[in-house]
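User: Could you walk me through this structure? I'm new to this, so plain language would help.

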Amino acid sequence: MTKSELISLIASKQPQLPQRNVELAIYCILEHLADTASKGERIEIRGFGGFSMRNLHARNGRNPKTGESVNILNRHALHFKPGKDLRDRVNASKLVIPIQYDV
């Protein structure tokens, strides 16, 4: 789902709100989340999940094209851990299709 699809979906479910107001709200929320994450602070949305910063230590890697050894510096990565409600909804929505093997 893209940002514009999210805005359209919320605007269609809330007809009393003009689409421009929904768009502004979504942009404000996302901007605040990005600012908070860039400061290294944890973001927790109950029922949805949490975002936290992880430190990825320096290591030696390989350039897959040339095979040459490459030094990869320390960096930070944003890590998402889904909440229990979200995990349960996602797991319940996955259909298990048995695999049939031809003998």
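User: Is the crossing of α1 and α2 left-handed or right-handed?

Analyst: Keep in mind that this is a predicted model. The axes of helix α1 (residues 3–13) and helix α2 (residues 19–38) come within 9 Å. As for its hand, the crossing of these two helices is right-handed.

User: Which residues of α2 make the contact with α1?

Analyst: On the α1 side, you'll find Lys3, Leu6, Ile7, Ser8, Ile10 and Ala11. Sorted by kind, the residues of the contact divide into 8 nonpolar, 2 polar and 2 charged. On the α2 side, the ones you asked about are Gln19, Val22, Glu23, Ile26, Tyr27 and Leu30.

User: How are α1 and α2 placed relative to each other, going by their angle?

Analyst: Their axes cross at roughly 130 degrees. Angles over 145 count as roughly antiparallel, and 65 to 115 as roughly perpendicular, with the rest outside the roughly parallel range called oblique. So α1 and α2 are oblique to each other.

User: Now the strands: in what order do they form the open sheet?

Analyst: There are 3 strands, and their pairing is antiparallel. The edge strands, each pairing on one side only, are β1 (43–45) and β5 (75–82). Neighbouring strands are turned by 25 degrees against each other on average, direction ignored. Put together, the order is β1-β2-β5.

User: Which residue in β5 does Leu56 stand opposite?

Analyst: Strand β2 covers residues 49–56 and runs antiparallel to β5, with 8 bridges joining the two. Leu56 stands opposite a β5 residue, and that residue is Arg75.

Definitions and conventions. Residues numbered from 1 in each chain as written. Predicted model: local features only at pLDDT ≥ 70, side-chain atom pairs only at ≥ 80, totals over all residues. Heavy atoms only, no water. Pairing = 2+ DSSP bridges. Helix = DSSP H or I, 4+ residues; strand = E, 2+ residues; numbered from the N terminus. Axes fitted to C-alpha atoms, helices over the stretch in contact; angles between N-to-C directions. Parallel < 35°, antiparallel > 145°, perpendicular 65-115°, else oblique. Left-handed = near helix turned anticlockwise from the far one by under 90°. Contact = heavy atoms within 4.5 Å. Nonpolar A, V, L, I, M, F, W, Y, C, P; charged D, E, K, R; others polar.
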